[in-house]
Amino acid sequence: MKLKPVIIFPAALLLVASCQNGKDEIQKPNIIYILADDLGYAEVGCYGQEKIETPNIDALAANGMRFTQHYAGAPVCAPSRCVLLTGQHLGHAQIRGNDEMPDRGDVWNFEAMYKDPNLEGQRPIKTGTQTIGTLLQKAGYKTGIVGKWGLGGPLTEGIPNKQGFDFFYGYNCQRQAHTFFPLHLWKNTEKVHLNNKLVPPNTLLPEGADPYDPESYADYWLTDYSSELMQKELIKFIKENKDGPFFMYYANPIPHNPLQAPKRWVDYYVDKFGDEEPYLGERRYFPHRYPHACYAAMVSYFDEQVGEIVSTLKDLGIYKNTLIMFSSDNGPTYSGGADSPWFDSARPFKSDPGWGKGNVTEGGIRVPMIAQWPWKIEPGTKTDLISVFYDVLPTICDLVGIEPEGNIDGISFLPTLMGEENQQKHEFIYWEFPASGGQQAVRMGKWKGIRKNIFKDSLRVQLYNLEKDIQELNDISAQNPEIVKKIESIFKKEHTPSEIERFTIKQLGD
C-alpha cells in the first residue's frame, strides 16, 4: 500500500480538525503558562543548576524547546506580569513598578488587611485593558489564573475576573504572598478563610528561643499551605475543562520568600547538604533553621507540582493537545534568607546582591523559558532567539488565529516553536524601571545599554558587549560612541510618560 504524504501546515494553522456529528470542528490547543516567582536563570537543572533537583521541569526541556535569551518584562513582580499579560513594554505599560498605594492606610498591617480588603492589592490595571485573558475569552477559551495576581486590589477594576479570567484562586495582593500561610486567599470575588493564625511577615524568633532547635520555628509552619491549596484548584480547573480549550496562567509565588517548604523536602536537602547555620530573619521575612535546604526544597516542591500537572494532562488524554510554557517573572532575590551566590542562581551572569532582582542587569531580567507541545515542538531543541515577555501575547494570538487590537510591542515567536525559518526578530528590546535609583536598558543584538541612578540625574549610558562580557563588567561606551548614540535615541523614543505619578521619571522629561 502506498502511503499518503504528510502535509505540514503553516504555524498559524496548527489546529487539529476533527469530525464530530458530520461537522468539521477545530480542536484548539490548551495552553498552560507556568510562572515561577524570583526563580533565577540557573536555578533549574536544565539551565545548569547543580544543587537543586528539578527533574520534571528538566523533562519539559527534554521534550520541548529551551530558550537561552528570553527576558522578563521587568526586574520585579507586578510590572513584569503587566508586560506579560498586555504585550506592552515598560515604556508603554500601565504598571511599571510595584506600587503598594500607601495613601489608602496601613497597607503593611496584615491584621488590618484581613479586616479591610480596601487595603489589599497593588495599583490596578484599567477597565477595558486588553490582556491574554480577554483575547482568549473572545476565541472561545475558558481562562483561569491560580497564584499571585498583583494587578489590582479585591475591590478594584483590576481583579482577574474583570481582566479576562473566568476563574481566579490565590493571592490578590503581593504583600499577602509574603507568607505561605495567610489568613485568607481569594476564589474569584469570594474571600476564602484559611485555618491559619496570624503570624505577620518579619516576625522573629521568640525571645530566648534556641535558634538551633527546629521546634523554635513552629510558628512559621502552620496548617493551610497556600501552594498546596492553589495546586489543588489548578488540577481541578484542568479536570473541569478537559474538553477544552482552556488557558491556565499558574503564577505560584514559589520560590519568592519567605522560606517555607514541606518538611519532607526540607529533610531531603538537609540530608544532601548537611548541617548549616540558621537564618534568623535579619533580612526580612521569616527565620528558618535550614535556609539553604528550605530554598532548594521550595524549588523542588514546585517542580513536583509541574510533574503533577503533566501527569494529569496525560491521565485525561489531553497531553498531546496542550502547550506548556514555563518561565520566571525576574531574576533571583537577595533577601529573606535566600542565598543566590551559594546556589549561583544567575549563572553565567553575576549572582551577587545588586545584580539580580530589582536590576536591569542580565541576572535581574534574563530568565529561563521552556515550551513543550508534543508532536508540534521538536523535543530537546534550543533556541538563541532574543525574546521577551511582551512576545507571549502575540505568540498565543498567532497560535489560535486571532489578532490583538491596538498597539503591542511584542513579536510572535511561534515560528521558532514550530521550527520554521520565517521568524521575525526584534531590532531591540526595551526596559525602564522607576525604582532602584531609576533605570533604563536596551538589548540590541550583542549590545546591552544600561542607565543607572537616573534619579540622581545620571543619564550616562553604560555599554556592554554580551558576546564577550556576559557579566557586564567592562563598560565600553567610550569606545563605541555611535552605538551609545543609537541606544540613547531608543531610550528617548520608547519612553512615554506614565499617567501614574508613582511611575514617572522626571529626569526623562515627565
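In which hand does α5 pass α7 in their crossing? The legends below address this and related views.

**View 1. Packing of helix α5 against helix α7.** This is a predicted model, in which local features need pLDDT of at least 70, side-chain atom pairs count only at pLDDT 80 or more, and totals for chains, interfaces and linings use all residues. Residues are numbered from 1 along each chain as its sequence is written, and side-chain values use heavy atoms, with hydrogens and water left out. The axes of α5 (residues 226-240) and α7 (residues 291-315) come within 10 Å and cross at roughly 15°. α5 is therefore roughly parallel to α7 (angles under 35 degrees). The crossing of α5 with α7 is right-handed (the near helix is turned clockwise from the far one by less than a right angle). Contacts (heavy atoms within 4.5 Å) involve residues including Leu234, Ile235 and Ile238 in α5 and Tyr301, Ile309 and Leu313 in α7.

**View 2. Packing of helix α1 against helix α7.** The axes of α1 (residues 55-62) and α7 come within 7 Å and cross at roughly 55°. α1 is therefore oblique to α7 (neither under 35, nor over 145, nor 65 to 115 degrees). Pro55, Asn56, Ile57 and Leu60 of α1 meet Asp303, Glu304, Val306, Gly307 and Val310 of α7.

**View 3. Lining of the largest cavity.** A cavity is a set of points on a 1 Å grid over the protein atoms alone where a 1.4 Å probe fits but cannot get out. The largest cavity has a volume of about 80 Å³ (the space filled by probe spheres set on the points). Among its lining residues (an atom within 4 Å of a point) are Phe110, Tyr114, His184 and Lys197.

Methods:
On a 1 Å grid over the protein atoms alone, a cavity is a set of points where a 1.4 Å probe fits but cannot get out, and a pocket is an open set with protein on both sides within 12 Å along at least five of seven lines; lining residues have an atom within 4 Å of a point. Axes are lines fitted to C-alpha atoms, for helices over the stretch in contact, and angles run from 0 to 180 degrees between N-to-C directions. Helices (H or I, at least four residues) and strands (E, at least two) are DSSP runs, numbered from the N terminus.
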